[in-house]
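Please look over the model shown below. The report after it goes through a set of local features one by one.

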Amino acid sequence: MSLEAHEELLNGLVEKGKSHYPNEFGGILVGYYSQDNTYLHITDTILPKTFKASKFSFERSTKGIERKLGIYYKEIPKQFYVGEWHTHPDNSPIPSLTDISALNAIINNQDACLANPVLLIIGYSKRKVDFGFYVWFENKLYRYE
Ligand SMILES: [Zn+2]
C-alpha cells in the first residue's frame, strides 16, 4: 500500500506540534483509500478537545471526534478515520512500547473498524524534522520508506 499526504497538511501538524513544546501533541488522521485499497490519501487531521501530555507521552480523549468525523463521511470521496499522529519533541520518530500498545488498543476497539491504521510520528528538534510513517499490518508495525 502506498501513502500520500500533502506537504501543507504535514507542515501544519509540525507547527501545531511545536506549539506544545516540550510536550508531545497529536491528533487523528483523516483520509480515504483507493478502490483497490492499494493507495491511502491522508487529507486532514482532527485535534482532540482534551488530552494528557508530557514530554514522553500523549493520550487524547475521544470526545467530539465522532461528531467531527461525521462531516468527513459526507464528503466526496468519503473520508474517514485512518490513524493517529503525535510528536516526539527532541527525539526520533521511533514508536515507543506505549505507542504500539495504544495502536493495538485501537484495533481491538470495536468502534474503529480499521484493520490497518496508520501511525505518523513527527520527531523534531530545533534543527530538523523527521516524519515516521507506519502501518499496522498483521500484528506488526511496518515503517514506510
Ligand atoms: Zn510516541
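The sections below cover the metal site, the main pocket, backbone geometry and selected contacts of this predicted model.

## Zinc site

The zinc ion takes its protein donors from His86 (NE2), His88 (NE2) and Asp99, the last of which is listed twice through OD. These donor atoms lie 2.0 to 2.6 Å from the zinc ion. Along the sequence, the donor residues follow the spacing H-x1-H-x10-D. Within this set, His88 belongs to strand β6 (residues 80–89) and Asp99 to helix α3 (residues 97–108). The two are 11 residues apart, and the pair links distant parts of the chain.

The site has 4 donor atoms, and the angles among them run from 55 to 162 degrees. A tetrahedral label would need all angles between 85 and 135 degrees, and a square planar one would need the angles between donors that are not opposite to lie between 65 and 115. Because the range here starts at 55 degrees, the site fails both tests and is irregular.

Two of the donor residues can also be placed by accessibility. His88 has a relative accessible area of 6%, and Asp99 has 11%. The limit for a buried residue is under 20%, so His88 is buried and Asp99 is buried.

## Largest pocket

The largest pocket has a volume of about 820 Å³. Its lining consists of 33 residues. Those nearest the centre of the pocket are Arg60, Thr62, Tyr81, Glu84 and Ile106.

Several elements each supply at least two residues of this lining: β2 (26–33), β5 (58–60), α2 (65–73), β6 and α3. The largest contribution is that of α3, with 6 residues. Sorted by class, the lining has 17 nonpolar, 9 charged and 7 polar residues. Both β6 and α3 also carry zinc donors, namely His88 and Asp99.

## Thr87 in strand β6

Thr87 is part of strand β6. Its relative accessibility is 0%, so Thr87 counts as buried. Leaving aside residues up to four places away in sequence, Thr87 touches Gly17, Asn23, Glu24, Phe25, Ile122 and Tyr124.

## Cis peptide bonds

Two peptide bonds that lead into proline are described here as cis. The bond from Tyr21 to Pro22 is cis, with omega near 5 degrees, and Pro22 sits in the loop between α1 (7–18) and β2. The bond from Ile76 to Pro77 is cis as well, with omega near -5 degrees. Pro77 sits in the loop between α2 and β6.

## Positive phi values

Asp90 has phi near 55 degrees, a positive value in a residue other than glycine. Its place is in the loop between β6 and α3. With a relative accessible area of 39%, Asp90 is partly exposed.

Glu138 is not a glycine either, yet its phi is positive, at about 45 degrees. Glu138 lies in the loop between β8 (129–137) and β9 (140–143). At 64% relative accessibility, Glu138 counts as exposed.

## Contacts between distant residues

Tyr39 is in strand β3 (residues 39–46) and is partly exposed, with a relative accessible area of 26%. Tyr39 and Ser2 are 37 residues apart along the chain, and their C-alpha atoms are separated by 4.8 Å. Not counting residues up to four places away in sequence, Tyr39 touches Met1, Ser2, Glu4, Tyr32, Tyr33 and Ser34.

Ala5 is in strand β1 (residues 2–5). From Ala5 to Thr43, the C-alpha to C-alpha separation is 6.4 Å, for a sequence separation of 38 residues. With residues up to four places away in sequence left out, Ala5 touches Leu10 and Ile42.

Ala115 lies in the loop between α3 and β7 (118–124). At 56% relative accessibility, Ala115 counts as exposed. The C-alpha atoms of Ala115 and Asn139 are separated by 9.8 Å, with their positions 24 residues apart along the chain.

Conventions
Residues are numbered from 1 along each chain as its sequence is written. This is a predicted model: local features need pLDDT of at least 70, side-chain atom pairs count only at pLDDT 80 or more; totals for chains, interfaces and linings use all residues. Side-chain values use heavy atoms; hydrogens and water are left out. Donors are N, O and S atoms within 2.8 Å of the metal (3.2 Å for Na, K and Ca); water is not among the atoms, so sites may look incomplete. Four donors count as tetrahedral if all angles lie between 85 and 135 degrees; four count as square planar and six as octahedral if opposite donors are over 155 degrees apart and all others between 65 and 115; anything else is irregular. Helices (H or I, at least four residues) and strands (E, at least two) are DSSP runs, numbered from the N terminus. Buried means under 20% relative accessible area, exposed over 50%, partly exposed in between (1.4 Å probe, protein chains only). On a 1 Å grid over the protein atoms alone, a cavity is a set of points where a 1.4 Å probe fits but cannot get out, and a pocket is an open set with protein on both sides within 12 Å along at least five of seven lines; lining residues have an atom within 4 Å of a point. Grid points are joined across faces, edges and corners, and a volume is the space filled by probe spheres set on the points. Ala, Val, Leu, Ile, Met, Phe, Trp, Tyr, Cys and Pro count as nonpolar, Asp, Glu, Lys and Arg as charged, and the others, Gly among them, as polar. Contact means heavy atoms within 4.5 Å.
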